[in-house]
Amino acid sequence: MLFLAADLALKITPGPDMALTLTRGMTQGFRIAWLSVLGTWSAGLVQIPLVVLGLAALFQHSPVLFSAVKILGALYLVYLGVRALRRCARPPRDLETGAAETSARDAYWQGLFTNLLNPKVFLFLVAFLPQFTDAARGPIWVQMLLLALLSKMLGLGTGACLAYGAARIRGWLMRNPWFLRFQDGLLGAAMLSIAGWLVLNRDPLPGR
């Protein structure tokens with residue numbers, strides 16, 4: 001119960017994943033936001049094995065590797081932001097059809113890479129999960145695996161709630177014609193802001 005309470009508190013703390021989900025929900029509805037949440041959750045299929053096998057420990061001892069992954073993730077988000085801003089500049093008719101064709105296809109992958117290319121997710125798993133393990137209860141790696149899976153499933157649930165809540169206010173927004181263009185401008189600004197957050201946030205590495 002303590003693990004669930006602590007993990008939930010961290011899940012509702014503002015960060016790149018929450019910003020992406022809320023922006024998608026408010027501007028493009030629940031379906032697109034949900035695809036983004038599924039992408040974020042799917043990143044765990046890569047992260048959890050790496051953490052359990054100990055690869056994430058490299059980030060603790062290699063500032064160069066940490067910075068490289070951080071910069072790579074930020075550059076990808078800059079690319080997404082620029083694409084959204086370019087769509088914002090199109091005529092309303094092009095935006096309305098183009099966004100419907102591209103957002104569903106891209107939402108999942110954007111959620112996946114936004115989470116996967118954030119090295120702090122690995123650091124969080126390495127620093128947080130061992131606090132709730134006990135060698136007397138069995139292999140540590142098995143306990144970490146179960147806790148990581150539980151954390152990801154909780155993230156899927158909280159992400160769905162955020163996506164639904166954000167989508168609830170979309171109806172009013174979409175009744176305003178000007179918002180059809182503004183939605184991509186807002187999404188582009190959010191992507192660029194998240195990229196800036198990843199680059200400028202310089203929290204110390206665990207154990208340093």
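The paragraphs below lead through a predicted model, from its overall make-up to particular helices, contacts and surface features.

The secondary structure of the chain consists of 11 helices and zero strands, so that, read from the N terminus on, the order of elements is α-α-α-α-α-α-α-α-α-α-α, with helices as defined by DSSP runs. Of the 208 residues in the chain, 42% are buried, and the chain exposes about 11000 Å², of which carbon and sulfur atoms supply 70%. When contacts between residues at least 6 apart in sequence are considered, 84% of them join residues that are at least 24 apart.

One element that illustrates burial is helix 8, which spans residues 119-128 and has eight of its 10 residues buried, so that this helix is largely enclosed by the rest of the structure. The buried residues of helix 8 are Pro119, Lys120, Val121, Phe122, Leu123, Leu125, Val126 and Phe128, a list in which a lysine stands beside nonpolar residues such as Val121 and Phe122. Leucine 123, which belongs to this buried set, also has a C-alpha atom 9.8 Å from that of leucine 58, although the two are 65 residues apart in sequence. Leucine 58 itself is found in helix 5 and, with a relative accessibility of 43%, counts as partly exposed.

Just before helix 5 in the chain, the loop between helix 4 (44-52) and helix 5 (57-61) holds glycine 54, a residue that is partly exposed, its relative accessible area being 35%. The C-alpha atom of glycine 54 is separated by 9.4 Å from that of tryptophan 141, which lies 87 residues away along the chain.

The packing of helices can be followed in a single pair. Two packed helices are described by the angle between their axes and by the distance between those axes. For helix 2 (residues 16-28) and helix 9 (residues 140-168), the axes come within 7 Å and cross at roughly 35 degrees, and the crossing in which helix 2 passes helix 9 is right-handed. On the side of helix 2 the contact is made by Met18, Thr21, Leu22, Gly25 and Met26, while helix 9 contributes Gly159, Leu162, Ala163, Ala166 and Ala167.

A second meeting place can be traced through two polar residues, threonine 40 and asparagine 115. Threonine 40 has its place in helix 3 (residues 30-42) and is buried, with a relative accessible area of 14%; asparagine 115 is found in helix 7 and is likewise buried, with a relative accessible area of 3%. Once neighbours within four places in sequence are set aside, threonine 40 is in contact with Asp17, Gly111, Leu112, Asn115 and Lys152. With residues up to four places away again left out, asparagine 115 touches Asp17, Thr40, Ala43, Gln47, Val121 and Lys152. Among the contacts of asparagine 115 is Val121, one of the buried residues of helix 8. The C-alpha atom of asparagine 115 also lies 8.8 Å from that of glycine 44, a residue 71 places away in sequence.

Helix 7 carries a charged residue of interest as well. A search of the whole structure finds one salt bridge, and in this salt bridge the side chains of aspartate 106 and arginine 83 meet at 3.2 Å, N to O. Because aspartate 106 lies in helix 7 (residues 92-116) and arginine 83 in helix 6, the pair ties together parts that are 23 residues apart in sequence. As for their surroundings, aspartate 106 counts as buried at 13% relative accessibility, whereas arginine 83 is partly exposed, with a relative accessible area of 26%.

Helix 6 also contributes to a feature of the surface, where Val78, Val82, Leu85 and Leu192 form a nonpolar patch with about 270 Å² of accessible area together. The largest share of this patch, three residues, comes from helix 6 (residues 63-88), while leucine 192 has its place in helix 11 (residues 179-200). Leucine 192 is partly exposed, with a relative accessible area of 33%, and so passes the cut-off of over 30% that a residue needs to be part of a patch.

Note on methods
Residues are numbered from 1 along each chain as its sequence is written. This is a predicted model: local features need pLDDT of at least 70, side-chain atom pairs count only at pLDDT 80 or more; totals for chains, interfaces and linings use all residues. Side-chain values use heavy atoms; hydrogens and water are left out. Patches are made of residues with over 30% relative accessible area and no salt bridge: like charges are joined within 9 Å, nonpolar side chains (Val, Leu, Ile, Met, Phe, Trp, Tyr) within 5 Å. Accessible areas come from the Shrake-Rupley method with a 1.4 Å probe; for residues, only the protein chains shown count as cover. A salt bridge is a side-chain nitrogen of Lys or Arg within 4 Å of a carboxyl oxygen of Asp or Glu. Helices (H or I, at least four residues) and strands (E, at least two) are DSSP runs, numbered from the N terminus. Buried means under 20% relative accessible area, exposed over 50%, partly exposed in between (1.4 Å probe, protein chains only). Axes are lines fitted to C-alpha atoms, for helices over the stretch in contact, and angles run from 0 to 180 degrees between N-to-C directions. A crossing is left-handed if the near helix is turned anticlockwise from the far one by less than a right angle, and right-handed if clockwise. Contact means heavy atoms within 4.5 Å.
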